[in-house]
Amino acid sequence: CSMEGEAERTGTKFTPYEWKLGSEENKPICALVIGMAGSGKSSLVQRINSYVQQEKIASYFINLDPAVANVQFKANIDIKDALNYKEVMKQYNLGPNGGILTSLNLFATRFDQVMEYVDKRASNLEYVVVDTPGQIEVFNWSASGMIVTEALASTYPTVIVYVVDTPQSQNTTTFMSNMLYACSLFYKSKLPVVLAFTKTDIVSHQFAVDWMKDFDTFDEACKEGDSYITSFVQSMGLMIGEFYDNFPCVGVSSLTGEGLPELFQALQIAANDYNSGYKVDLEKNKQEKEEKEKRRQIAQLQRLHADIEASKQEK
């Protein structure tokens, strides 16, 4: 959907994100690209890489997938340079998923060094793009995934780009599974979510847009299937529809590059949402934490003074 159509669907107006390039106050937009295995996630990052070079958009790329055979884009930081995935599997006697998880855990212990590299370049960057492992649960539900997400989100406007396989999502159950996952990511991270429907050169994502903005259309599509799970899918759509209806959605093709300008506009919309939402909550929580620590220190000091006075009286 175009940004004009997106604005009409969500009731939002596109406001460009304001960078302060060349200044230490500049905050690049961090895009965490997350999606199911085979959804076209790495191909999308590769196309984004080509697009930013073509359009001369200053960007920084990080690969966090240790198991990918060949990184399809030029990564500034690559987990494969720090860790050998197969050696980790051998050393710890692990399977494929365990190897990815352990590699990510080991890398997360040094993520402060990654942040240092990003911080050095931040004043001249517009975007930081992070490609995550294909096994979505490894990144999203692990401690290392949270460390990476919180490290970026505590410093820079951070957006989750949830990649959806458009041809597969023509099935209402698959579509609803993706929407449920997008909502769970939003709930867990509290970060803005952009839905990127990939492979639009094969199938247009317009059907998904229609399902998102009109429950009756989705309900009719559910009735076409004769599955025992149809009523459950319909109930889920009715229950969580108002949540995913507010996610900006963009159709993109990694093959042709169609939809990339709209994707970058959606990232800017989400970054502005971060500044008005997540950042405010973050600063509020930080202030509450500091006040709590101050009260704890005062109470500890008072107890110390009381102990000193008690010991003086005993003497």
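Modeller: Let's start with a working rule: two strands count as paired if DSSP finds at least two bridges between them. Keep in mind that this is a predicted model.

Colleague: Thanks! Which residue in β3 is the bridge partner of isoleucine 62?

Modeller: Happy to help. β2 and β3 run parallel and share 2 bridges, so they meet the rule of at least two. In β3, the bridge partner of isoleucine 62 is isoleucine 77.

Colleague: Which strands are at the edges of that sheet?

Modeller: The sheet is open, with 7 strands paired in parallel in the order β3-β2-β4-β1-β5-β6-β7. An edge strand here pairs on one side only. That description fits β3 and β7.

Colleague: And what angle does the direction of α8 make with that of β1?

Modeller: Helix α8 packs on the sheet, where it touches β1, β4 and β5. Its direction and that of β1 make an angle of about 155°.

Colleague: Within what arc do the buried residues of α6 fall?

Modeller: Helix α6 spans residues 111-121, and its buried residues are Phe111, Val114, Met115 and Val118. They line one face of the helix, because the view down the axis of α6 puts them within an arc of 100°.

Colleague: Back to the interior: which helix gives the largest share of the largest nonpolar core?

Modeller: That core has 60 residues, and Ile62, Phe175 and Met176 are among those with the most contacts inside it. Apart from it lies another core of 28 residues, including Tyr17 and Ile48. The largest share of the 60-residue core, 7 residues, comes from helix α9.

Definitions and conventions. Residues numbered from 1 in each chain as written. Predicted model: local features only at pLDDT ≥ 70, side-chain atom pairs only at ≥ 80, totals over all residues. Heavy atoms only, no water. Core = buried A, V, L, I, M, F, W, Y, C linked by side-chain atoms within 4.5 Å. Buried < 20%, exposed > 50% of the residue type's maximum accessible area, 1.4 Å probe, protein only. Helix = DSSP H or I, 4+ residues; strand = E, 2+ residues; numbered from the N terminus. Arc of directions from axis to C-beta. Contact = heavy atoms within 4.5 Å. Axes fitted to C-alpha atoms, helices over the stretch in contact; angles between N-to-C directions.
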